[in-house]
Structure formats: structure tokens, C-alpha cells
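I opened this model to look up its sheets, cores and charged pairs. My notes follow in the order I looked.

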Amino acid sequence: MSRIGNSPVPVPSGVEISVSGSDVTVKGSKGTLSHTLPDVISLEIEDGQVLLNRVSDDRQVKALHGLNRSLINNMVIGVSEGFRKDLEIIGVGYRANAKGKDKIELALGFSHPVHVQAPEGIEFDVPEPTKIGVVGIDKQVVGQVAAEIRAYRKPEPYKGKGVRYAGERVVRKAGKAGK
């Protein structure tokens, strides 16, 4: 098993962590996030660090220990810096238009435009018609929204057209061999 749960979570200045029972609330300059710890995990705050402790060394408890440490670390990073996923649109006529900070309109080769409404806490950034940025404080929600946008038109293997993550490499296939 990994030992991720044993390493402390550093708390930067400007981030406030409060614990009430098994509920953990993290406040920062970008917003507030909360999480409920399982009964087998306890949390201590000392010297600007968060330490998580487990009650036993069972395999499942160790897994929960590392998971909850990572979730709290992501909450601290989210409220202080935020998370961002960038998407690229590749294809002739494929583009994105921003309709405010929480709505985009995608032209992806369908007979109709695709409208995407951002959930609460998520903003879209469209610096170019072929680039989309999904920005927010909750890492899971940012990744989920980016994955849903990508799912509208996944990159196809022959010409590489579609929506892909920035830097994603699409494995190309050879087309039909001509005579």
C-alpha cells in the first residue's frame, strides 16, 4: 500500500480549515469546499499542517487514509490556486463561442450547435475559437465537465478531428490503401 496518507498536507497562508465532528471545511480566497471524513479517519491541525490518522492497519482503512488525504490536499489547492483543464478543438468548422462565463456554444459538425451550461462554481474561458478552458476550485467537477465536453465529439483516429485535452496525443490509424 502507498504511504500517501501519512504525509502531512501543507496549509498555505490565507487558507482556513475548520473541523466539526467528521465534517471538514476549507476556506480560501477562491471559495469554500467541504468534505465528510469516514469514521475510521481522524484529522489534526498543527503547525500549519493537516495530519490524518487511521484507527487500524486494515487494507481498506489504509486505502481510505490515502484517499482522504488526497481529497483534503486537493481542497486546499483548489481554494488557494484553483484547477484548470484545457481543451483543444480540431477540425474544419469546429469552434467554440463563449456566451458569458458560464455558457459556451460548440459547433462540432452536427446539424445543430451544442450548448453547454457550466455547473455552479465552474467557469469557461475561450481565448480562441479552438481552445476552451474549464476553471474551478473543485478538481473532480472541473475534470468531469471537461470530460463531458470532450465526449460530445471525441478525437477520431483517422484525421484526428474532435475535442481533445491540451497536449493529448491521438494515435492515428492508416486509411484505406489505394490501388
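**Entry 1. Strands β2, β3 and β4**

I began with the pairing of β3, residues 23–27, with β4, and I counted five bridges in the antiparallel sense. The model is predicted, so I note that local features need pLDDT of at least 70. For one position in this pair I looked up the partner: Lys27 is bridged to Thr32 in β4.

I then placed the pair in its sheet. The sheet is open and has three strands, in the order β2-β3-β4, with antiparallel pairing. Which strands stand at the edges? They are β2 (16–20) and β4 (32–36); each has a single partner strand, so one side of each has no neighbour in the sheet. From one strand to the next I get an average twist of 15°.

Next I checked what packs on this sheet. Helix α1, residues 59–80, does, and it touches β2, β3 and β4. Its direction makes about 170° with that of β4.

**Entry 2. Strands β1, β6 and β5**

I looked up another open sheet of three strands; the order is β1-β6-β5 and the pairing is antiparallel. Its edges are β1 (9–10) and β5 (41–46), each with a single partner strand, so one side of each is left without a neighbour in the sheet. Strand β6 covers residues 49–54, and two bridges join it to β1, with the two running antiparallel. In this pair I found Pro10 opposite Gln49 of β6.

Helix α1 comes up again here. It packs on this sheet and touches β1, β5 and β6, and its direction makes about 160° with that of β6.

**Entry 3. His65 and Arg54**

I wanted a closer view of one residue of helix α1, and I took His65. Is its place buried or exposed? Its relative accessibility is 2%, so I put His65 down as buried, the cut-off being under 20%.

Leaving aside neighbours within four places in sequence, I listed what His65 contacts: Gly5, Asn6, Ile41, Leu52, Asn53 and Arg54. With Arg54 there is a polar contact, side chain to side chain, at 2.8 Å.

I followed Arg54 further. Arg54 also forms a salt bridge with Asp57, with the closest N and O atoms 3.1 Å apart. Arg54 has 26% relative accessibility and counts as partly exposed. Asp57, at 57%, counts as exposed.

**Entry 4. Strand β7 and its partners**

I moved on to β7 and looked for its partners. It pairs with β12 in the antiparallel sense over six bridges. It also pairs with β13, residues 162–165, in the antiparallel sense, over four bridges. As sample positions I noted Asp86, whose bridge partner in β12 is Gly133, and Leu87, whose bridge partner in β13 is Tyr165.

Asp86 is involved in a charged pair as well. It forms a salt bridge with Arg84, and the closest N and O atoms are 2.8 Å apart. Both ends are partly exposed: Asp86 has a relative accessible area of 33%, and Arg84 is at 43% relative accessibility. I then found that Arg84, Asp86 and Asp125 are linked in a network of salt bridges.

**Entry 5. Nonpolar cores**

The largest nonpolar core has 20 residues. Which of them touch the most other members? I wrote down Ile89, Leu106, Phe124, Ile132, Val134 and Ile149. The elements giving two or more residues to this core are β7 (83–90), β9 (103–107), β10 (114–117), β11 (122–128), β12 (131–136) and α2 (139–152). Of these, α2 gives the most, with four residues.

I took Ile149 as the example. Beyond its neighbours within four places in sequence, Ile149 contacts Leu87, Ile104, Leu106, Val116, Phe124, Ile132, Val134 and Val163.

Another core, of 16 residues, lies apart from this one; Val15, Ile17, Leu37 and Ile41 are among its members.

**Entry 6. A salt bridge at helix α2**

I closed with the salt bridges, of which I count four. One of them joins Glu168 to Arg150, with the closest N and O atoms 2.7 Å apart. Glu168 is in the segment after β13 and Arg150 is in helix α2, so this pair ties together parts 18 residues apart in sequence. For accessibility, Glu168 counts as partly exposed at 24%, while Arg150 counts as buried at 18%.

Conventions:
Residues are numbered from 1 along each chain as its sequence is written. This is a predicted model: local features need pLDDT of at least 70, side-chain atom pairs count only at pLDDT 80 or more; totals for chains, interfaces and linings use all residues. Side-chain values use heavy atoms; hydrogens and water are left out. Two strands pair if DSSP finds at least two bridges between them. Axes are lines fitted to C-alpha atoms, for helices over the stretch in contact, and angles run from 0 to 180 degrees between N-to-C directions. Contact means heavy atoms within 4.5 Å. A nonpolar core is a set of buried Ala, Val, Leu, Ile, Met, Phe, Trp, Tyr and Cys residues joined through side-chain atoms within 4.5 Å. Buried means under 20% relative accessible area, exposed over 50%, partly exposed in between (1.4 Å probe, protein chains only). A polar contact is a pair of N or O atoms within 3.5 Å; within protein, one must be able to donate a hydrogen and the other to accept it, and residues adjacent in sequence count only if both atoms are side-chain atoms. A salt bridge is a side-chain nitrogen of Lys or Arg within 4 Å of a carboxyl oxygen of Asp or Glu.
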